[in-house]
Structure formats: structure tokens, C-alpha cells
Amino acid sequence: MKILLISLYHPELVRGGAQQVCYELFRSLKRRPGIEPVLLAAIDPSFKALYKSGARITGFDGRPDEYLFLSRDYDYTWHKASCHALIESYAEFLQLVRPDVVHFHHFLLLGVDLITLTRRILPGARIVFTFHEFMAICDAHGHMLRPYDNSLCSHASPVRCYQCFPERQPEYFFLREQWFKRHLSAVDSFTVPSRFMIDRYASWELEKSKIHHVTNGQPDYSRGQATIERPHKRNRFGFFGQLVDNKGVWLLLRAVQLLRSDGFADFTVQINGDNLKFASDERRTEIEAFLAKESCIPVGERIVYFNGSYSVDQLATRMASVDWCIVPSIWWEIFGLVISEAWMFKRPIIASNAGGPAERISHEKDGLLFQVGDATSLAHAIRRACTEKGLWDRLHKGIKSPPTVDSMVNGYLPVYDVRRWPTAGAQAV
Amino acid sequence: MAQARRGVLAARARKLKSIVVAKRANAAAIHSAANASGNGDLPTEEMIFQREIERIEALVPQALFDEAAYLRLNPDVQRALELRQIESGYAHYLQHGHAEGRPVPSAPTESRNVMLPSSPRADVAPLRSSGAVDALVITPNAGLMIVGWIDDSAHPLNCIRIISAEWRLVLDGSQLMRVRRTDAEKALGSRTRHPFGFFGILHFERGGAISGSVTIELWQHGGLSTTLQCTPTPAEDVELRSTALAYLAGAEFFGNPAVECMGSLSQGVGTQLLALNQAMTRRIVANPYIEQFGRPRANPKATIVVCLYGKAEFLFLQNCLFAGLPGIDEYEFIYVCNSPELAETLMQEARSASLVYGMANKLVILSGNAGFGAANNAACRVANSNRVLIVNPDVFPKDPSWAARHLEVVESGPTDRTQIFGVPLYYDDGSLMHGGMHFEVDVGLSLSGGQPIPTRMCRVEHYGKGAPPETVRYTRSRPVPAITGAFMSLDRTWFEELGGFTEEFIFGHYEDADLCLKSIEKGVAPWLHDIRLWHLEGKGSTRQLPHEGGSLVNRWLFSQRWISAIENGLLGPEPTHPLLRLPPEAGISDKEPNRSSRRRRAATTATP
């Protein structure tokens, strides 16, 4: 049984949750007998050196079954493949690989119309699509976060979307919805990593019976060796992730400012992550100004420390210097891989009460939830975490093991309808 | 003329004797002429005088005589007129002035509004009035446009003579559109309601080569002429048309711009614009580039013709949303493009669409914007079926089975109800956008002549615009005065009998109503059948100021052509024209359906 996994970026070229999950799935499927996974990862022209002359699809660094889709002339308005040669190459690639299952993990850089093309080229193949955010529904990067006031959006409509993008017209959003739905109609099964997404897509009139919950899974980066120090206080907090607007690091810094203004400074915050360049000008300026000011404070008196980017190999070291992980996302955070990573190292989470974190974290049992987008609410949670005796221990004990890669793969196999291929079905499950 | 002649005869009786003396010098010649005509008797003095008067009348017809200027140049004549010693300045000129060699006003005497070879010498007169030529745009072998202003509140502009090294041209003042120019008012310190601005356009087939600057003479009644030098701006005909139409759309008037504009168009600007546009249209549609993408169906039952302008994305959006629907395989698609700059993109999109959607598209690429009517006609000429559907690029299926239902209506309905028919169209918000069209007539008052003059203008309205989606009175099958060009299903033979769309209209607007009226005129009413599609009205193309100008011209043309027919049984939402009477068997209750019947309705087919 051949499964083609189609990914936005290769995680070793661009970090990101969707591509990380897709790649873990690819690696894990390779270990399953009877299954032949093939990876096709789209990259953008910023990786100029990887664009071989005249090629549209190439291999990747000599790795078996890993290919790069060299995206070009991508239509970001309609999320469409605009280069005919690229479309032809993709069609030929399908004919050469002849997968039984084509599993899209995104359409960005590929084109949502390639789903329709896949159905035409491989009428008998099973097409699976995993939603990693709401990009089909929402033109605001799929965040369903209203740009003008940062409020969470409950549903899309032509007029509501026009309110977010006044330079466009309601009719554009009407057509956009029709366009996406038509292409998604070629999909046999959808999967989402969090259950709340099922209702969101069902209310967008996607057939609910076709949407399945399959959790994201990761290897245990702690290897069962989570270091738990026994300090006097549990007042060290960590942020792990991208420094982009919707991940909310700016909200965390505001909460720090509120606490400091209130005379409460007996805690530290370690910022781990990068991609500040992708933040909006306003947020980037705010974060840079805060960090610059913080760096002028004597080391022993600082609250916030900026540690920069990290790889999964460094996760154990970074986690060792914090007691809590904070997930201050201001959008419908879909799953929160960082929650899984924190749980691998048995760190309780303080997270926004929306989306995946709200679904995964049990308030007062294995973590704390605060009001999404509210710096005061976050400040209160931080203060409580620092001062409430026994809280950390109680929440620490409540932490469950995060989903493994195997649990993710086992979730996908029924979606792939693996039993249609008896040899693979018997061995793989 | 008759009045002047009566004045001449009356004066003659009083002053005959003195005049005769002055005429003796010519008597011999006149006598000879009389003999030559076979009259052997010597003519009387009265006869001699009458012949002399007739000779002068032939030389200077009263129509070309500038009365005011003659009086201004001859103050004694002015006084005589005030004392009622003479009947008019013209009468004086005939009786005395010609013989006395009195100064008379001059004006260009060449044929007007035609391109002429250059005269060896231009009559350059000194600058007399305040004025300027802001722009002279010339397209050799096509036309020119002139824009400027002049202080002619006392002596109205008579004509404009343009003299180049190789050609000359006299634009008659009556054909100029006069517009308000607040900048000129400010410069002159004028508070009068006078349109100092002028705008003229002229179409010609040959001539107009540009070689350096030209002399422009602004001739006013009263013999005043103002001479200016101007460097013409060369332009392609497309640019000339756009510039002229944009000027038309943005022109200011004393009074309602639409009304005043209609008046000016009637005086000549409209005819010239139409002539220019038609010449361009003929050129643009003469040699289209046609290419087939994807494997075409051998014998399609119907042809969907879509005219694209300014936006290429509607090709792939329509391909995506039409593909795979029940019955759509029986249709062929022809996209005709009025934006040649989109050609490459469209060809790539059509190629990709054949791969992604399995759609076969025929592209007809025109070399410019031929307008909605001419472009659709060009596309229909290469259709392979006898049923053509004119579909706007922003029309999409609402009812997924629309294509099958449409064929069902065509194949099962009575011929006279399917030769030309439309469908209910819906806005993206779900409300009705179109349930047929009817005609209205607006009456506006023009104040440019000093007193209110009514101007009648036709207007086209949609039945049910914005109405609830299930408003049966607008969605039911019935004859209607007109249907929108956004979706028209036409028997091709009938379409061709009607001459297709009228190609005089500029860009787009009114061709659909015009086609429907041509059909009614020939005895077949347009129908509406309940097959539902979306129409994102106005989103399928780009619209700029020249298009607004085109709409003004089209409304003028449409009104000129059809107002009589409209006022004769086709006026209003309930016209009385016999062809529009609902046949008894087609009568459906006006009552709106309840919820359960609405559900049932979704499963019913149209009832032609």
C-alpha cells in the first residue's frame, strides 16, 4: 500500500507544527510493514539553491522517498497552482508513484486545485486531508482572529470577512468559499487534531461524517528522563515557540509588566523561539523594545531572558530551567505541540482557554487556563503559580503522557481505509 | 428668409429711386442676362433691382449672415435699425451694404466636420477673446478630440478651425459640447451661468497626420476669431475613445449632468463617438485569435459564451464551479476576451483547466475592447451548437442541476418560449437579483437653453431586485419585456435573424435590452424560466470612468432608438404589449409558497 504524504515545507527547512507532524507520520509509516510512504514537501522560491534548472519536482538530499515540490507563481489569493508546467509535473508524479492514498497536510504552496486534479488522475485513490488551521474558512491566515480588534471569530461569512478585509468585497469571500468547498469535495476523509475543529468545519457545511479526530503524536523527546529539580520555589516560567503575533509572546510580556508594576518581581520568564521577523511591525517593535529595556537591567534583577531558537535536541536543557510552560496563544490554537513537549518533561501548562489548549488541558488538574488575550488574567495565573503552595505539585501529578507517534499512526490507518489493502491492513495495524 | 424678403420689398417701395442710381453700373450686365433669357423687352427698374437682390442673396445666404456682427461693424446701420428705418441688418446689406462695400463679418467657409487638404495659407487673425485649448488629441485616420474654453458669453462660438501643415478641419460650433468650467469662471471673474468650456470629437477615416504644432482658430459670431498654437497629443484610437468618454463622464454642467449630457450627445457628439467606436469595433473583431484547449465535445447541445474583460480569474473560477455538474458535458465553453493584455494568462489558465477539470475551452482573443455586443457576436460565430447562452463571467450555478434543467426546458418547451429566455439570478446574500427586466422613462429638464426643455431618457429596471429568494411573481415562467445579458439563452438561428447584439453600443450596457426589443419587434417575447444561478453583479469585470461615459452614450442611443416603442405598450412593470400577456396555462398564483412547498419547489423542474 502506497501512501503519498503531501506537506507544506520540509521540517528540516522550515520549522512548523504541520510539517513536523507530517514528517513524523512519514517516518513512522516507513516502519510499518506493507506500507510504502512517499513524502512530497512543498518549498518556496526563497530556497533558490534547491531549485534545479527546469525541474518542478526533485528529490531531497539523497533521502529515499522524499521529494520536494518546487512551488512557483503561487496564487496566494485563490491558493491555486498557477504554473501550468508545475501542474503537469504533479500529474505526472502521481502517475509515476501511483499512490493508493494521497494524504494532504496542507494546500499552501501547492494549490487547493491540486486536490481536484488528484481525483482526476487517480479516480480510485483515497484522498485524505488534515486541517492544521482554518485556512479554507478564513483568509486571515486561517487563524479566525479578527485583524481589527484581535477578537476570536466564531464563523465566517461574506460580510464578516469583508469587515476583516475592507479592501475586498463580500462577493470575493462568497466565491472563495465556493471555490474551496468545490475542491474539498474531492476529499474522502478529513482529519483534525482537536475535536473542537470538527464542529467548526461542520458548521461551515463540510459533511460532519467525513471529519475524523486523529491526534498529533510526537516521539518522547525526554526519553523518559525528565529532570525535576526540587527548588524552594516554582517561579520559573518558559515560553516555547514562534514569536509571531498569534502565539502571544507579546501578551506574556505585558503580563510581566503588569506584575512588575504591581511590585511582584520574584519570578523569571525564559523566552525560547524565533521568527520574530514574521511578527507584525507593531508587535515586533513592542517585543524588541521590551527585550532591549530588560537587557539594561542587572542580570540578577531581570525577569525576562531571551534564549533564541532551539532544536528538539536542546529541549531537555531548556525545559530543565523552567517549572511551568506558558502557552499564551491569542487564536484558536489548534493542538499545541508545545503542550505535548511540556508534558514529556512533566511541566504543568498555563494556557489560553481557547482551541486545542482548552480541549487538552484540564483546568486545575494538569494546568491552568486563563482568559484568552487577557494579560491581566495571565498575570493573575502567573502570580498564583508562584505563590500558591502545593499548586505545582498537584498539577504536576495530574499530567498525562502526551499522544505518541504510534497513537497518531494508529489513528490514521482506519482513515486510510487500510483494510482495503489486505496485505498492508493485516500487517500495519 | 421670407421675413427678410418681405422687409426688402417694403423698403424697396420707399427707397426705390435712390437705389436705382447706385445700381446703374450693373444694369448693362443684367440687361444682357435678360436678353439671354429670351425676354426681348427692357427690364423695368424694379425688375433690375429684384434680380440684384436675388444675386446678393445667393452670394450671402441669410443662414450664413452674422447679423450681430454686421450691426457691430456698422454702427450707423445699428442706429438706423434702432430708429426703425430699416427692417434688419441683412435687409440693409442686400439693399445698400453690398453695393457700398460695407464691412461684413467673416467666418470659415469650408465644409464643416470633415477632413480637408490643407489650404496654402491660413487666415490668421489676432487674438480677440480669452480662451485656451487644453488638449487636442489626434489619432490619424480615426479621429480627434479637442478640449478648451473661451469667453464667448457675448459672441457665441461659431466654429473651430484646426490647420496643420497637411490638413485642415472646421468643427461646427453646434456640434461642440459646452460644459461648465469653474477654472475659467474664476480666471475671468465671471458670475454668469455660462458654459465657457467646450469639448468636441470628430471621427474621420483618413487624414489627421501629426507633424508639429497646429493653428487653432476659435471663430465667434460677430467675426471675432482667436488664434492659438497647439501641439497635438498623438494617441491610439483606444486611448482617444477612452479619453473622450472619460471626459464625457466627468464633465460639469449647469443643471443635471445626465440631462445636459443627453442634449449635447444629440447635437453631434454622440454620433461622432458612435462612429469612432464602430470603426474601432470593426477593426478589433476583424481578426480574432482563436484556440481550442482540451478536447471539444463533437456535437454540443449548447454553447456557453462568456465575455471576459479585465479579470482573468473568472475563467478558472467558472471552470471549477461549472465542471462536473449534471448535464454540463453537453455544453461547450467559449471565452471571448476583450482584454488582450490577459491573453497569455488566459491561455495558461485554459490549458491548466483542461488538465485540472477536464474542461474544454475555446478562447477567442480580440485585439482590444470591442464591447460586450461585438465580442459576444464574434464568439457566437464560432459556436458549434444551435443554442447559445450568453453568460457573464460572474455568473455561477446556484442550482447544481441547472445545466440539465436548462436543456430540458429547451428541448421540451414551446419554441416561442425558448427562442430567447433568461433565468432568475441571485445575489451572493441569497436575495433575488433579477427576475426579468422592464422599462421606465425619466423626464429631466435641461436648462441650458435659458428655459426648461424636457429630455426623455429610457431606463431599464430589474424585476425583484433584492426581493426574497422565493418571490414567485418574479421567478415563475412568464414573458417579460427584457432579460439581462448576464444570462441569456438564445436559439442561435433566431439570434442571427435579429442580427445578433447591436454593435453600436460602447463597451456594455443596454445591448441586452436592445436585443430583447428587437425580438419583440419581430414578434417573439423574451421569457424567463425558473433555473437558478448566482450573479455577483458588477464583479466580473473592471469598471472605470470611460465606462461611465460609454453608459451615458448608450443610454442616449437606446433612448433615441426605443423610446417610441417603449411608450407604446412596453412602459412600466406591467406593460400592456400583447406579446407580454401571460398565457392562461402559464398562470401561476402570485401567492408566495409556504415552507413545505418551498422544499418541494427545490425538486421541481421549470415549467415553460
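Two strands are taken to pair if DSSP finds at least two bridges between them; helices (H or I, at least four residues) and strands (E, at least two) are DSSP runs, numbered from the N terminus. The model is a predicted one, so to speak only for local features at pLDDT of at least 70 and side-chain atom pairs at pLDDT 80 or more, while totals for chains, interfaces and linings use all residues. Residues are numbered from 1 along each chain as its sequence is written, chains are lettered from A in the order in which they are written, and side-chain values use heavy atoms, with hydrogens and water left out.

On those terms, chain B holds an open sheet of nine strands with mixed pairing, running β11-β14-β13-β12-β15-β23-β17-β24-β22. Its edges are β11 (289-293) and β22 (478-479) of chain B, each paired on one side only. Further in, β17 (residues 420-422) and β24 (residues 527-528) of chain B pair in the parallel sense over two bridges, and B:F421 has B:W527 in β24(B) as its bridge partner.

Helices lie over this chain too. Helix α9 (residues 313-322) of chain B lies across β12, β13, β14 and β15 of chain B, at about 170° to β13(B); angles run from 0 to 180 degrees between N-to-C directions, with axes fitted to C-alpha atoms, for helices over the stretch in contact. Contact means heavy atoms within 4.5 Å. Helix α16 (residues 511-521) of chain B, in turn, lies across β17 and β23 of chain B, at about 35° to β23(B).
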